[in-house]
Every structure is written in structure tokens, then in C-alpha cells.
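Student: I'd like a close look at one part of this protein, starting from how its pieces are named. Please take me through that part step by step, with the rest of the chain as background.

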Amino acid sequence: MASSYLLQSPNFSNNLKLSSRPNTLKATPRFLSIKAAAAASSNTPANTASKGNNIRDEARRQYLTNPPQNQNFSAKYVPFNTDPVTNTESYSLDEIVYRSQSGGLLDVQHDISALKAFPGSYWRALFDSRVGKTTWPYGSGVWSKKEWVLPEISSDDIVSAFEGNSNLFWAERFGKQFLEMNDLWVKHCGISHTGSFKDLGMTVLVSQVNRLRKMNKPVFGVGCASTGDTSAALSAYCASAGIPSIVFLPADKISIAQLVQPIANGAFVLSIDTDFDGCMQLIREVTSELPIYLANSLNSLRLEGQKTAAIEILQQFDWEVPDWVIVPGGNLGNIYAFYKGFNMCKELGLVDKIPRLVCAQAANANPLYLYYKSGWDEFKAVKANSTFASAIQIGDPVSIDRAVYALKQSNGIVEEATEEELMDATAQADSTGMFICPHTGVALTALMKLRKSGVIGPTDRTVVVSTAHGLKFTQSKIDYHSKNIKEMACRFANPPVSVKADFGSVMDVLKKYLSKTPK
């Protein structure tokens, strides 16, 4: 298994000579030297555990046999967006802390100087060499970037479902038919363990909790407020690790498919007569009094996992940078996570620029959009109204400062979508072979508006981030195609046709259909 360790070690450059090619973004076969060195080291496949060992046992054995040399990567909590010269406040990731001394947000800061000791070509080769393997824990799209996520955690403490590595879908027909675009892509983050991008952050947070509990830190379990997807991810990863999970859900405001997930995974679920913002306030108060670890995106650990989706996008384009990335926004941690992932790749020499970011909000819950339209004059929380994009029905987002920073740094834009616009966009996307969530409909609406205004050009390479699987929102699709949504035209509805069970009736219906179908 020497080859396995060769591929997974951050020091495999000691064992092979990486190409001295310049930091180009062109596609080249850069892994021949890695594969050759691996083959010379061992005849054992790199992703096959020794007989009698599971993949976690094998990772442990390899670590003891070939411990990494000079791996000095580290990370810590620091106050978000403050001058490190004048503010030296910092915390170990093993501390249970969510806010700075001033009450502001925290950020996970990596030792960039240590990471810069290796060139961008090294990191590209390392990350790419792990894709598609079952070597623990690198088969995960998150943990294949472990050195950039939680560098000091033991692989033995990691709780993973091999999340990430999600499909980057070429939306060929949708792009051509509705937008006259040929280079439109949809990053299907909902094709994941629990059906949403939240898995990317939750594997990191629950892994760190697993580590803290082994260190006998005062952590009984993990709690979150949720509009659905966060609770599903939290409960699944906690169940995998045998850690109690506590979920605060707003009563009657999430889909049945989302509600059943934490219940099925054994979470302690509280259905509370309030909205998400009310649940968030309660969970923050509870976690300050009880030994329950806060799992919402106020906790910056989550963002370390979510940022890997941005790195995946670059990998999938062979490290070419798209022009635009459009992300739905609710509590607003995700837009910052994407910025952080792209920016780390630029700072460490993997790419030479970052894409422009767009944050898309539902018009019924649009505090960031209103702030943007005011010229960033004054932020005001809003009372979030009901929206089919229920996961982003948030009027007082925790990560507002992070989102504004990300948008300013990326020359970004904020757009909004009405309920009719987002449901029409969802139906249009589904009609071209996708099956997306309403939040993706919000992002596609933003794209349509920016394309119509000419801000996004016909040849711009654009990625729309799809945050959850469409199967979680079947009721909204049923209502749309049944034309059962009050005050909505449902222009692209496609209801089933009732017909008598006889040959003549069926033929009449089919002939009528065929006569109207474009040749």
C-alpha cells in the first residue's frame, strides 16, 4: 500500500518530481509522473485496503507506517475581516466559540505561508489525484482537500459519507433554448448524501464535534435551527457518528420530505410556532446555556466544507475559471464560502483570477437585495414572507457581513426572483431534463434577468449552483403542474391528460398531441 500513501500524503513531492511547467490553465496530462511513481512503489491498487482491513483501518495503518513529514499546516478562528496587526484575537479550533469578543463573526484562518511552501501545481496534482478513490478519507470531495479544510484533525475522527464530487451538468438545451447561451452549467450540489449542499459543511462540523467529544470537551450533542436541509444533514452525520442531534424547525414551513429526514435519522425534533429567524434566536440562546454545539452557519466551520464546492468547479473545468457563478442566498454563508474557495485557489497559485459572483434571493425574503440596491447604504432586516424557496426564507441573515465582503471583493451582483418567476424558471429547467429545487429556480431567474440586460454575455461561461434535490420539493411541482397555485398563471404547466380506456379515445388524444408538436 505504499502507493496509496504516496497519493494521499501532502509530501508526495518528495517521492516524485512534479512538472516544472508554468502555472497555466490549459488542459495537460499532468498526472503521468504521479501514476508512474505509484506503480513503481507497489503492485497494490491505491484505493484497495489490505485483506482484513476496512478503509479506515488501512488509513490508520498507513499513517503509522509512513507518517507525513514536515506537515505544518494549521488553522484557527479569528475575527472576521479585521486587521491582524491591530487585532490579534484568535482561538484554537478545539475551543467552543462562535463569536469574537466584540460580538462579531469569526472566520477560519489557515496558515497561508505554510500552504504557499508548495506551488499551485502541487496542490492541483494532489487534489486531482484523490478524485474517485476510496482511500479514507480522500474519497470525499471535501476531505480530498483536507489540508485546506481541517488540517490538524485525525483521519480517525472524520465523519464522512464521501460527500461532494457532485455533477457539473452542462445545461445545453436550457442554455440554447431560453438564453442563447452555449456554455451554461449547473452544479448539482443536491446530488449528495442527504440531497443538499449542506452535507459539505456538516461533515466538517460533525467531524470536529467527534474530535471534541473524544477530547472530553463539554459537548453532549449538536443542535441547529433549520428550514429543512441543515437538519437533514446534521441528523444524518450525527447518526453516523452516534452523536445526539437536536433540531428546531419552524412549524408548517418546510416540506414533508425535509421534515421526515431528521425524524428518520433519530434526531430530537422540536416543531416551533415561529419562522426560521425565531428558531435561530432560540437555538443561540439554548446553546449558550446547555452543552449543545451550535451547527448553524454562524459557526464558521461549516463554511470550510462548503468552500470545497468552488474548488470542485475549478477541478471540473480542469482549473479554468468560469466567468460567473450564481448562488441562491438565504442565511448567506454559502456566497462567502464560494468566494473563499475561489480566492484560496487564486492566493495559492492554482488559478490566476476568480469569477464574478451573483447572489440570488427570493423577493419575499430579500434583505441582501434591498441592501445592494441601496448602494450598501444601510442594512435592514425584513420579515420574511412565505416562499416556495423555503430554505432561503430568511429575513435576518447571520452571514450578512460575509456576503457583502464576498460580493464587493468579486465585483458581484445581487438579484431577486418573484414567486412566479422562480416557479416558471424551475418548470422550464425541468422541461429540459433537469429536476431542480425552487432555490435553483431563484438562481436561474437571476441569470435570465442578467442575460436579458446584457450583463451576462452569450459566450460567458456561467455556473448556476443548485443547492438541493428536486425530490425534496415535489409538492410545489405538483401544485404548479396542476395549476393549483393561487394568482399564478403556471405558464409552463404540463398536467396529465385524462382519457377513456379505449383505442379510439387514445388515438384521438395522441393525434391531437402530435399535430401540435413541433417537427
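Tutor: Happy to! Helices (H or I, at least four residues) and strands (E, at least two residues) are DSSP runs, numbered from the N terminus. Residues are numbered from 1 along each chain as its sequence is written. This is a predicted model, in which local features need pLDDT of at least 70, side-chain atom pairs count only at pLDDT 80 or more, and totals for chains, interfaces and linings use all residues, while side-chain values use heavy atoms, with hydrogens and water left out.

First, the background. The protein chain has 19 helices and 13 strands. Of its 519 residues, 57% are buried (under 20% relative accessible area; exposed is over 50% and partly exposed lies in between, with a 1.4 Å probe and protein chains only). Take the contacts (heavy atoms within 4.5 Å) between residues at least 6 apart in sequence: 72% of them join residues at least 24 apart.

Now to our part, an open sheet. It has three strands in the order S2-S1-S3, and the pairing is antiparallel. Two strands pair if DSSP finds at least two bridges between them. Strand S2 (91–92) and strand S3 (106–110) are the edge strands, each pairing on one side only.

Let's follow strand S1 (residues 75–79) and its neighbour S3. They run antiparallel and are joined by five bridges. One of these pairs Ala75 of S1 with His110 in S3. Further along S1, Tyr77 has Val108 as its bridge partner in S3. You can trace the antiparallel run in your viewer by going from the Ala75 and His110 pair to the Tyr77 and Val108 pair. Although S3 is an edge strand, S3 is mostly covered, with four of its five residues buried.

Finally, look at the loop between S1 and S2, where Thr82 is found. Its relative accessible area is 35%, so Thr82 counts as partly exposed. From Thr82, look across to Leu106: these two residues are 24 apart along the chain, and their C-alpha atoms are separated by 9.9 Å.

To put the part together: S1 sits between S2 and S3 in the strand order, five bridges link S1 with S3, and the loop from S1 to S2 holds Thr82.
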